[in-house]
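Hi,

Here's the structure I said I'd pass along. Have a look at it first, and then read on for my notes.

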Amino acid sequence: MLKSLNNDNKPLTLGILGGGQLAKMLASAAYRMGLNVAVIENQSYTPAGDMTKNDFINGWDNDEDLEAFIIKSDIITLENEFISPAILEKIEKTMSVYPSSKTMRLVQDKFIQKNTFQNVGLPIPIFTSLYTIEDALDFGNVNGYPFVIKSRKFGYDGYGNATINSPEEIKTAWDKFKADSLRSDLMAEKFVYFQKELAVMVGRSTNGETAVYPCVETIQKNHICHSVMAPAPIDKELQMLAKKISLKAVEAINGVGVFGVELFLTNDNQLLINEIAPRPHNSGHYTIECCYCSQYENAIRAICGLPLGSTEMIRPGGAMVNLLGKHDGSGVPRDITKTLSNRDVWLHLYNKKSSRKGRKMGHITTMADTPEEALEKALKAANDLIW
């Protein structure tokens with residue numbers, strides 16, 4: 001059993017900012033390691049909050065709940081990148097939080113994130129900030145169409161992105177973004193023609209130790225990750241380069257914890273960073289069963305300064321398939337019997353109370369002799385689930 005950071009022979013309590021499925025999987029790893037867990041979220045009955053008595057439901061913007069959460073916790077991490085760095089700075093007056101407020105200030109605003117990567121020579125698409133419609137028109141004139149307008153903050157799963165195919169489309173996208181106060185700060189990126197979307201999970205400890213997982217292929221549908229193949233079916237040289245680039249990206253932001261680095265493999269076999277997630281990532285769910293040490297356990301080890309675990313895969317191939325909501329209604333499947341008859345797959349349900357189309361309700365993982373075989377098995381098991 002781990003001892004507290006104060007060496008008083010009491011179990012360490014891991015505080016998690018956020019209560020969704022990533023927090024649930026972090027909590028599962030924490031309990032297995034003998035830790036207690038505290039969760040703070042701005043609602044009750046969350047996937048992670050349901051797992052602990054230390055569930056603070058009024059959110060981190062509520063001073064009373066935040067203070068109680070801090071008192072209950074020994075070390076704090078987060079499950080999403082949308083928490084204001086000012087909240088992290090408030091926590092840091094009392095204890096450590098990872099990733100730190102300084103790291104989050106380099107990550108949360110994607111324009112600053114891209115500048116940070118550019119300054120250390122990492123490969124990224126051509127980009128610029130946008131302050132006026134004329135800025136967008138100028139970018140299109142110089143870099144051509146299509147290009148992408150992105151919100152600098154609070155973009156995910158396609159929210160906050162618009163592909164611009166002609167000058168006539170700029171005003172419509174501009175007005176839509178400006179009507180959304182959360183996503184009204186904008187940037188532009190040159191459109192990337194890619195053959196694959198890739199991702200690498202990187203762990204980095206408080207003492208500088210690093211652990212890099214295999215580069216995987218992520219298969220997107222409607223801007224949402226549908227499935228993952230591990231490792232990605234690409235040349236070994238590209239695998240190694242993707243891992244090298246991803247590690248350098250995490251070091252550039254002085255990241256501590258586990259980070260998901262998303263990349264494009266362009267049509268001419270170049271690697272470009274798309275963005276970085278300062279937390280465990282959807283593309284790393286496969287590591288729970290397919291690697292000796294999961295991304296969630298390594299996230300905990302990293303922020304506690306413990307030795308990082310092996311990122312090697314147990315079998316040559318692994319896969320993950322997201323279980324996405326198909327309709328509005330109950331978050332509980334009607335029948336899992338046929339899925340569980342696939343004896344060499346793992347079913348993860350997130351205990352979300354309601355479903356909506358495209359919402360991540362769970363995932364399935366499996367292993368095999370090749371990534372392709374693993375994906376075929378995982379897809380079959382996912383299709384057997386009845387919602």
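Below is what turned up, going from the nonpolar cores to one helix and then to a single asparagine.

Keep in mind that this is a predicted model. The largest nonpolar core has 38 residues, and the members touching the most others are Leu-14, Ile-16, Leu-35, Ile-75, Tyr-286, Ile-300 and Ile-303. At least two residues each come from strands S1 (13-17), S2 (36-40), S10 (194-204) and S13 (224-230), and from helices H1 (21-32) and H10 (295-304). H1 gives the largest share, with 7 residues. A second core of 27 residues lies apart from this one, and it includes Leu-122, Ile-253, Phe-259 and Leu-263.

Ile-300 is worth clicking on. Beyond its neighbours within four places in sequence, Ile-300 is in contact with Leu-14, Leu-26, Ala-29, Ala-30, Met-33 and Leu-35. Its helix, H10, is largely enclosed by the rest of the structure, because 9 of its 10 residues are buried. Polar residues are on that buried list too, among them Gln-295, Glu-297 and Asn-298. Right after H10 comes Gly-305, with a positive phi near 70°.

Now the asparagine: is Asn-80 buried or exposed? With a relative accessible area of 14%, Asn-80 falls under the 20% cut-off, so it counts as buried. You'll find Asn-80 in the loop between strand S4 (75-78) and helix H3 (85-92). Its side chain reaches the backbone nitrogen of Phe-82 at 2.9 Å. Setting aside residues up to four places away in sequence, Asn-80 also touches Leu-17, Trp-60 and Arg-279.

Cheers

Terms used:
Residues are numbered from 1 along each chain as its sequence is written. This is a predicted model: local features need pLDDT of at least 70, side-chain atom pairs count only at pLDDT 80 or more; totals for chains, interfaces and linings use all residues. Side-chain values use heavy atoms; hydrogens and water are left out. A nonpolar core is a set of buried Ala, Val, Leu, Ile, Met, Phe, Trp, Tyr and Cys residues joined through side-chain atoms within 4.5 Å. Buried means under 20% relative accessible area, exposed over 50%, partly exposed in between (1.4 Å probe, protein chains only). Helices (H or I, at least four residues) and strands (E, at least two) are DSSP runs, numbered from the N terminus. Contact means heavy atoms within 4.5 Å. A polar contact is a pair of N or O atoms within 3.5 Å; within protein, one must be able to donate a hydrogen and the other to accept it, and residues adjacent in sequence count only if both atoms are side-chain atoms.
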